[in-house]
Amino acid sequence: MTSSLGEVLIEFRAISRSFGEQSVLRDVSFSVRRGETLVLIGESGCGKSVSLKLMMALMEPTSGRILWDGQDAWSLNEQERNRQRLRFGYLFQGAALFDSLNIFDNVAFGLRQNTDLPHSQIQDIVFERLQEVGLRKNVCRQKPAELSGGMKKRVGLARALAMSPDIMFYDEPTTGLDPIMTDVINELIVQTRVRRPVTSVVVTHEMRTVEKVADNVIMLYPLARLEPDESQVVFSGTRAEAFQSNNPRVSQFIRGEAGDRMDELSLQRKQTVRDSATPSAA
Amino acid sequence: MTTEALTKDGVIGALGGTSLSAIDNIGNLGVFSIRSLRWLFSRWPRASVLLPTFYQIGVQSLVVVLITGGFIGMVLAVQTYAQFRSFHLESRLGAVITMTLVSELGPVLAATMLAGRVGSSMAAELGTMRVTEQIDALRALGANPLRYLVVPRFLACFLLIPILTVFADAIGILGGWLFCTQSLGLDSYDYWHHALNYVGPYDIFTGFTKSIFFGGAIALISCHRGFHCGAGAEGVGRAATEAFVWSFVVILILDFFLGVFFANLYFVLWPNAVLSM
């Protein structure tokens, strides 16, 4: 790869994605530049995690194109797409550790699958990655079920980093963790970027994560509450711009205020009360 | 059912929807099977992946298959004894039990038992992996889920279910012998003499071949259900149930068509022979 700093690595070009009748993404376009940490924010169900899976070509878009270094990811044959995918590391929302394997085998999985490295070298890499995420060697023989949520996330991060990826995807890395562990994971994301020249895309709705790790922020809005001609990307800019935004949808989300959602809920409640008070025709 | 649902459009619409869904599922299973089986001819999974699967599917199923086989043999003895005795043919029970077990009941019941034990478990395991994003994680780490998850399970079922069926047949014949000689007072010589004389290599071949097909079908259907399971615990539970139900239905369908095929093949190979099946 010959791209320089700031060059577009991944481009979403007019992407739409539906699941049966339900449309999740509509005509979404944005790009990820080399070296940046892009944070995708938005309410639950607005398509953040789906966007991440689309970016990694774990899922095919209904329409539109995903470009990796200018090349359509879905025009590549399966073998080439799999090979390209090794440039990416993915920390799944629930860590997605393989239940049947112990921690060592989980972290070593990608190396064993894709390289011919001798066991001693794989062992060195696994121990190094575990150390990077603040875990000791003695977890290696444990099974995922024996670990806490925070430890699972850290093992998931170690596994994603084992192949030294160019781009890291983090799917809600701090969801379900206590505030201390949330800070630890945020710090690990920052440290990962300090240690190696990695581009990161983080999906979150934790503002502490946005504050700590983001260079740029994109906010997606649920399609169900948008007008047909409105863009689903309601904000795209730097972290500072996001926190200073006058757009009520952005500022309400950042401040964690329900805003017009409360009015909607209130209307729905009143309607329910009216419906239950009206005698049924049957 | 409401009147509206019984209107012509409602019934036809429901039938059409069900038919389309069934065709879609069958097509999907076909594509899934072809894509999975392609890996058999390119790269097999490593021994470290294959052996635990073989152990789980083969060795851990042995006891349940032996118990099933043993009791089938004894039940056959109980059910046929009274009728054969009325014709003074009770000495031939060995032939009936052995023939029925080797060519029909052994393969079908062993496969049914394994569809319940192995098939449901595979569907639930793969379904859980799908729901918890472990299948996505495999792809993210450069592994093909079909090669890594389906091929070992297919090989284990394809190769080991026939072997388990042989064990079930053998224990069933022994169970029948035990009941006939110890409880019904038949002569041991008569039992084995007729058992060995009436059952030919072709009968053993047909039973064994059927179990190979049953094994392959159980693996592919169960893995397919697991890979396409719905969300949450409900989805996983449904996938496990569907894996067993569809495996059982397909086992019976395959049994019929393979039975017809082997009967015709017999007459093609030996036109003047009398089929002993």
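## Antiparallel sheet of chain A

In this predicted model, Arg13(A) stands opposite Arg65(A) in β4(A), where strands are DSSP runs of E of at least two residues, helices are runs of H or I of at least four, and both are numbered from the N terminus. Residues are numbered from 1 along each chain as its sequence is written, while chains are lettered from A and ligands numbered from 1 in the order in which they are written. The model being predicted, local features need pLDDT of at least 70 and side-chain atom pairs count only at pLDDT 80 or more, whereas totals for chains, interfaces and linings use all residues.

Strand β1 (residues 8-19) of chain A is joined to β4 (residues 63-68) of chain A by five bridges, and the two run antiparallel; Glu11(A) has Leu67(A) in β4(A) as its bridge partner. These strands belong to an open sheet of four, in the order β2-β1-β4-β5 (chain A), whose pairing is antiparallel, two strands being counted as paired if DSSP finds at least two bridges between them. The edges are taken by β2 (22-33) and β5 (71-72) of chain A, each of which has a single partner strand, so one side of each is left without a neighbour in the sheet. Helix α1 (residues 48-55) of chain A packs on this sheet, touching β1, β2 and β4 of chain A, and its direction makes about 125 degrees with that of β1(A); axes are lines fitted to C-alpha atoms, for helices over the stretch in contact, and angles run from 0 to 180 degrees between N-to-C directions.

At one edge, β4(A) and β5(A) pair in the antiparallel sense over two bridges, with Gln71(A) in β5(A) as the bridge partner of Trp68(A). The two strands form a hairpin with two residues between them, and Asp69(A) in the turn has a positive phi of about 50 degrees.

## Mixed sheet of chain A

A further open sheet holds six strands in the order β6-β7-β8-β3-β9-β10 (chain A), with mixed pairing. Here β6 (88-91) and β10 (233-238) of chain A stand at the edges with a single partner strand each, so one side of each lacks a neighbour in the sheet. From one strand to the next, the twist averages 15 degrees. Helix α5 (residues 149-161) of chain A lies across β6 and β7 (167-171) of chain A, running at about 170 degrees to β6(A).

Within this sheet, β3 (residues 37-41) of chain A runs parallel to β8 (residues 199-203) of chain A and is joined to it by four bridges; Thr37(A) stands opposite Ser200(A), and Leu38(A) has Val201(A) as its bridge partner. Five bridges join β7(A) to β8(A), which also run parallel, and Ile167(A) stands opposite Thr199(A). Between β7(A) and β8(A) the chain passes through helix α6 (residues 179-195) of chain A, in a right-handed β-α-β crossover; right-handed here describes a path from the first strand over the helix to the second that runs clockwise with the strands pointing away from the viewer.

## Burial and the nonpolar core

Strand β8(A) is mostly covered, five of its five residues being buried (20 or more other C-beta atoms within 10 Å of a residue's own, against 12 or fewer for exposed and partly exposed in between, with C-beta atoms placed from the backbone). Thr199(A), Val201(A) and Val203(A) point one way from β8(A), Ser200(A) and Val202(A) point the other way, and all are buried.

The largest nonpolar core, a set of buried Ala, Val, Leu, Ile, Met, Phe, Trp, Tyr and Cys residues joined through C-beta atoms within 7 Å, has 143 residues, and those with the most contacts inside it are Phe169(A), Met219(A), Cys157(B) and Ile218(B). Its largest share, 20 residues, comes from helix α5 (residues 93-131) of chain B. Leaving aside residues up to four places away in sequence, Phe169(A) touches Leu52(A), Met55(A), Met56(A), Phe88(A), Gly89(A), Tyr90(A), Leu91(A) and Val201(A), a contact being a pair of residues whose C-beta atoms, placed from the backbone, lie within 7 Å.

By contrast, Pro248(A), placed in helix α9 (residues 248-255) of chain A, is exposed, with 12 other C-beta atoms within 10 Å.

## Chain B and its interface

Chain B has ten helices and zero strands, and 44% of its 277 residues count as buried. Its C-alpha atoms fill a box of roughly 65 × 60 × 40 Å, taken along the principal axes. Of the contacts in chain B with a separation of 6 or more, 87% come from residues 24 or more positions apart.

Ten residues of chain B are in contact with 15 residues of chain A.

Definitions and conventions:
Contact = placed C-beta atoms within 7 Å.
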